[in-house]
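Let's take a walk through a protein together, starting with the whole thing and then zooming in on a few spots. Keep the 3D view open while you read.

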Amino acid sequence: MAINPDKIIEQYKQMSANGGVGTMEPLLSLFQFNGKPLSLVGREPMLPVFKTNRPKRMTFQAGRQVSKTMNLGAISICSAGFGGLQVAIFEPRFTQKRAINTQVLSPLLRNCLVSDKLIRPSNIDTLDVKKFLSGGNLFIVNAFKSADPARGLAGVGLVGIDEIQDILNINVPVFEAVADAQTETGFRIYSGTAKTLDGTLAIKFEQSSQGHWCVKCECGKYIIFAPEEQLFSTISPKGCLCPFCSRKIHSETGGFVFKFPSRCATHAGYHFPQTIFPFHHTELAWKEIIYKQNNIPKTQFFNEVLGISDSDSVRLLTKADLLNAR
């Protein structure tokens with residue numbers, strides 16, 4: 001069925017005006033990537049990224065290759081291009097700033113069905129700021145050791161701190177401050193790949209509601225993809241299987257459950273291991289997961305595949321460590 005861009009936008013505007021829209025997901029079909037419309041089919045756990053009734057703070061702790069940067073780029077474009085917001089994406093290094101621009105932002109804009117109504121051609125490939133016809137702007141800033149590049153920005157409605165595991169936690173409040181003047185918006189998204197136990201991403205996830213994907217198996221048992229629950233026991237050489245009955249897990253039917261549900265209204269956190277995404281359940285993709293489980297260091301497997309903060313580094317024990325270990 002052919003996509004009618006004008007109809008999609010008009011329906012979205014009407015729903016927004018009536019207060020009936022809770023997600024920007026319908027706008028994804030306006031963007032093409034690798035010759036196909038963007039879609040969350042097979043990527044159902046990413047639905048919270050596109051909520052419009054989101055809390056002020058959201059943390060996404062992920063494994064590698066789960067499309068987190070793609071979705072951060074898409075929500076940033078939708079917010080600035082359709083919503084007219086001032087949006088800032090912070091990356092640690094210049095190479096990462098250039099990568100999100102050349103691999104995600106520019107291709108999405110170039111292959112948008114309504115690109116001519118969204119942005120001027122001369123602004124599609126600009127690296128520092130993309131100016132939209134709606135009046136919204138998308139700033140892309142790299143700031144690794146110093147937060148100074150964030151100073152001077154103001155009135156930002158959406159702050160996306162990408163690869164936050166490589167950003168010093170002491171600098172995060174400076175990045176966040178660019179949105180302090182916004183009362184109705186001023187959203188903060190912390191996104192990254194799990195790394196060390198005491199890194200910035202791990203700290204943010206600990207402060208959040210700590211959501212983990214949960215699926216009800218055909219046997220009636222609930223499977224929670226959390227380290228302290230069934231995350232590890234679902235991994236079998238034969239596929240992603242229920243640890244209770246060995247049936248195949250249909251992860252697209254799941255939803256998030258939260259360790260601290262009372263925090264969802266202020267700081268929602270989501271854990272994205274590769275194993276909850278159906279596109280990682282294909283035969284070849286799953287073989288790669290099993291290969292990594294058996295052949296790479298445990299910490300790397302936890303970080304890169306399962307999205308779990310872990311560290312094999314040596315550090316001095318603190319008084320708090322000793323008290324916790326009693």
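What follows is a short tour of this predicted model, from its overall build down to single residues.

## The big picture

Let's begin with the parts list: the protein has 9 helices and 14 strands. Its C-alpha trace spans about 55 × 50 × 35 Å along the principal axes. How does its radius of gyration fit with a compact globule? For 326 residues, a compact globule would have a value near 20 Å, and the protein has 20 Å, so the two agree.

Of the 326 residues, 51% count as buried. The protein exposes about 15800 Å², and carbon and sulfur atoms supply 53% of that. Now think about who touches whom. If you take the contacts between residues at least 6 apart in sequence, 71% of them join residues at least 24 apart.

## Strands on the inside

Have a look at strand β4, residues 86–91. Because 6 of its 6 residues are buried, β4 is largely enclosed by the rest of the structure. Here's a handy bit of background: in a regular strand, side chains alternate between the two faces of the sheet. In β4, Q86, A88 and F90 point one way, while V87, I89 and E91 point the other way, and all are buried.

Which strands does β4 pair with? One is β6 (residues 137–142), in the parallel sense. Another is β7 (residues 158–161), and this pair also runs parallel. To find these spots on screen, look for I89 of β4, whose bridge partner in β6 is I140. Then find F90, whose bridge partner in β7 is I161.

Strand β14 (residues 267–272) tells a similar story: 6 of its 6 residues are buried, so it too is largely enclosed by the rest of the structure. H267, G269 and H271 point one way from β14, A268, Y270 and F272 point the other way, and all are buried. β14 runs parallel to β3, and T59 has G269 as its bridge partner in β14.

Here are the strand pairs side by side:

| Strand pair | Sense | Bridges |
|---|---|---|
| β4 and β6 | parallel | 6 bridges |
| β4 and β7 | parallel | 4 bridges |
| β3 and β14 | parallel | 6 bridges |

## Two helices

Next up is helix α2, residues 68–81. How far apart should its ends be? At 1.5 Å a residue, its 14 residues should span 20 Å, and the end C-alpha atoms are 20 Å apart, so that agrees. Helix α2 is also mostly covered, with 14 of its 14 residues buried.

Helix α8 has a buried set made up of T299, F301, F302, N303 and V305. These buried residues pack against β3, β8 (187–193), β11 (235–236) and α7 (283–295). After α8 comes G307, which has a positive phi, near 65°.

## Three loop residues

Stay in that neighbourhood for D310, which lies in the loop between α8 (298–305) and α9 (319–324). Is D310 buried or exposed? Its relative accessible area is 13%, so D310 is buried, the cut-off being under 20%. Its side chain makes a polar contact of 2.7 Å with the side chain of T299. Setting aside residues up to four places away in sequence, D310 touches K195, T196, L197, K298, T299, F302 and N303.

Now jump to G42, in the loop between β2 (36–37) and β3 (57–62). G42 is buried, with a relative accessible area of 13%. G42 and E252 are 210 residues apart in sequence, yet their C-alpha atoms are 6.5 Å apart in space. Beyond its neighbours within four places in sequence, G42 is in contact with F277, P278 and F279.

Last stop: L127, in the loop between α4 (115–118) and β5 (129–131). L127 has 23% relative accessibility, so it counts as partly exposed. What does L127 touch, not counting residues up to four places away in sequence? The list is F94, K97, R98, N101 and I140. As for R98, it sits 29 residues from L127 along the chain, and their C-alpha atoms are separated by 7.1 Å. You have met I140 before, as the bridge partner of I89 in β6.

Methods
Residues are numbered from 1 along each chain as its sequence is written. This is a predicted model: local features need pLDDT of at least 70, side-chain atom pairs count only at pLDDT 80 or more; totals for chains, interfaces and linings use all residues. Side-chain values use heavy atoms; hydrogens and water are left out. Helices (H or I, at least four residues) and strands (E, at least two) are DSSP runs, numbered from the N terminus. The expected span of a helix is 1.5 Å times one less than its number of residues. Buried means under 20% relative accessible area, exposed over 50%, partly exposed in between (1.4 Å probe, protein chains only). A polar contact is a pair of N or O atoms within 3.5 Å; within protein, one must be able to donate a hydrogen and the other to accept it, and residues adjacent in sequence count only if both atoms are side-chain atoms. Contact means heavy atoms within 4.5 Å. Two strands pair if DSSP finds at least two bridges between them. The radius of gyration is taken over C-alpha atoms; the globule rule is 2.2 Å times the number of residues to the power 0.38. Accessible areas come from the Shrake-Rupley method with a 1.4 Å probe; for residues, only the protein chains shown count as cover.
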